[in-house]
Amino acid sequence: MRNGPTMVASTLALAVVLTAGCTSSGGTRTPGAAPQSQGPVAKLAITPADGTKKVAPDTGVSVKVTGGKVTKLTVADAKGKAVQGAVGTDGTWRPQWALRPSTAYTVSAEAIGTDGKQVTGQAKFTTLKPKRALESGMAPLDGDKVGVGMPVQLLLSQSVADKEDRAAIERALVVKMSEPVEGAWSWVSDREVQFRPREYWPTGEKVEVVAHLAGVKAGEGLWGTKDRSLTFTVGPRHITKVNARTHEAVVTDGDKVVKTIPVSLGRPGDDSYSGTMIAQEKAADIIMDSATTGHPGEYRIPTKWNVRMTYSGTFFHAAPWSTGAQGNSNVSHGCVNASPANARWFYEFTQRGDIIQVSGTSRKLRFGNGPTPWAKSWDDWLAGSALGKPVNGG
């Protein structure tokens, strides 16, 4: 019995050691082991959700995070090409230009949680296929060299009449210039919008126009499907002033008069148009047919060295049959007649977009009779813009 107290003390000591190995929650672990791992606190939610189809191309991308903040967001197409865009004050990412219809996109997002851990998320979606497609064409042609009066023409395959839809199209149009000048877009019809500078283009100007129309909503079920672009340069400043009273065409190159041509304009009843026109197109040979002006059978004549001035059929052309009247009287059916030699010189001298000003007749040029941007004052031209503001091509 002398050893009894010693055995009790040993038992108590062992009990203390075991108690020290207990967790506060009552569980047990091997001494020195790390605490059990917990997942990151940040959670990502991406809209449009993964697998969403028929997404409108003008939809923004929303990435919401709980327990942290977004650190990176990219949107790319199926080829891996990143889409340029930015997150607005409302937290929604929007592309610089609309997404393309019928296209698959992938959203990749990263966030950092309040616990310092990074989380990633991804969602794939597809934009809708338009019920109606808005196609387009542009003029002048890419790479052209044009006169100082040439407008940019954007021609549309579908009518766009609503002001908000027109504004959406204008916002998608970019004009860049080597020498920035003020200009504006103006709607000529429901299917055509044109751009002109406030004054004539500077000689040597280099212009790039990009129509970011893919993904632009232009009406109910109507979406742009393809972007368009062109570049052109502006040639010498050619201005021709045609006077029906003096029967002369005075041609200038810059500030210098380079030729004075005797001409004959429209006879009474077939008066030529007065106004500022441009050389719309050139053709060395044309059959002039009165049927195209609503007077079938009156004449059908082959002509040389033709420079078109209006859609309705006004040309500056060779007229060997009227050389006796050229310089002294008006005998044509509305065109500007010149001798074959003078007409050929003018044809070869002229660029598309050169200015041709006609004065001295009782008939006024109608706006829209071809590209006629200079038939309107600047204020009237600007009033035709859905956005109502000028563009500076810097």
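Over the ring of which residue does the charged end of K376 sit? Select F367 together with K376: the charged end of the lysine lies over the phenylalanine ring, 4.2 Å from its centre, where a charge counts as over a ring if NZ of Lys or CZ of Arg is within 6 Å of the ring centre and within 35 degrees of the ring normal. Before going further, note that this is a predicted model, in which local features need pLDDT of at least 70 and side-chain atom pairs count only at pLDDT 80 or more, while totals for chains, interfaces and linings use all residues. Residues are numbered from 1 along each chain as its sequence is written, and side-chain values use heavy atoms, with hydrogens and water left out.

**Aromatic pairs**

Rings of Phe, Tyr and Trp (its six-membered ring) pair if their centres lie within 6.5 Å, and planes under 30 degrees apart count as stacked, over 60 as edge-to-face and the rest as tilted. By this rule the count comes to 9 aromatic pairs. Select F316 and F346, which form a stacked pair with 4.1 Å from centre to centre and 25° between the planes. F316 belongs to strand β26 (residues 315-318) and F346 to helix α3 (residues 340-349), so the pair ties together parts that are 30 residues apart in sequence; helices (H or I, at least four residues) and strands (E, at least two) are DSSP runs, numbered from the N terminus. Both F316 and F346 are buried, a term for under 20% relative accessible area, with exposed meaning over 50% and partly exposed in between (1.4 Å probe, protein chains only).

Now return to F367 and add W381: these two form an edge-to-face pair, 6.3 Å centre to centre with 80° between the planes. Because F367 lies in the loop between β29 (363-364) and α4 (378-383) and W381 in helix α4, the pair ties together parts that are 14 residues apart in sequence. F367 counts as partly exposed at 22% relative accessibility, whereas W381, at 0%, counts as buried.

**Salt bridges**

The structure holds 9 salt bridges, each a side-chain nitrogen of Lys or Arg within 4 Å of a carboxyl oxygen of Asp or Glu. Select R100 and D227, whose closest N and O atoms are 3.3 Å apart in a salt bridge. This pair links distant parts of the chain, with R100 in the loop between β6 and β7 (104-113) and D227 in the loop between β18 (222-224) and β19 (228-234), 127 residues apart. R100 is partly exposed, with a relative accessible area of 38%, and D227 is partly exposed, with a relative accessible area of 26%.

Next, select D285 and K304, which form a salt bridge with the closest N and O atoms 3.0 Å apart. D285 lies in strand β24 (residues 281-289) and K304 in strand β25 (residues 300-308), 19 residues apart. D285 counts as exposed at 51% relative accessibility, while K304 counts as partly exposed at 36%. Keep K304 selected and add W305, since K304 also lies over the face of W305, at 4.8 Å from the ring centre.

**Paired strands**

Select strands β1 (residues 43-47) and β3 (residues 61-66), which run antiparallel and are joined by 5 bridges; two strands pair if DSSP finds at least two bridges between them. T47 has S62 in β3 as its bridge partner. Adding strand β6 (residues 92-95) shows a further antiparallel pairing with β3, over 2 bridges, in which S62 stands opposite T92.

**The nonpolar cores**

A nonpolar core is a set of buried Ala, Val, Leu, Ile, Met, Phe, Trp, Tyr and Cys residues joined through side-chain atoms within 4.5 Å. The largest of these has 38 residues, and those with the most contacts inside it are L154, I169, L173, W185, W201, V209 and F232. The elements giving two or more residues to this core are β12 (152-156), α2 (163-171), β13 (173-177), β14, β15, β16 and β19. Centre the view on L154, which touches residues including M138, I169, L173, V193 and L213, not counting residues up to four places away in sequence; contact here means heavy atoms within 4.5 Å. Apart from the largest core lies another, of 24 residues, among them V307, M309, A318 and A338. As a last selection, take W185, F195, W201 and F232, which form one aromatic cluster.
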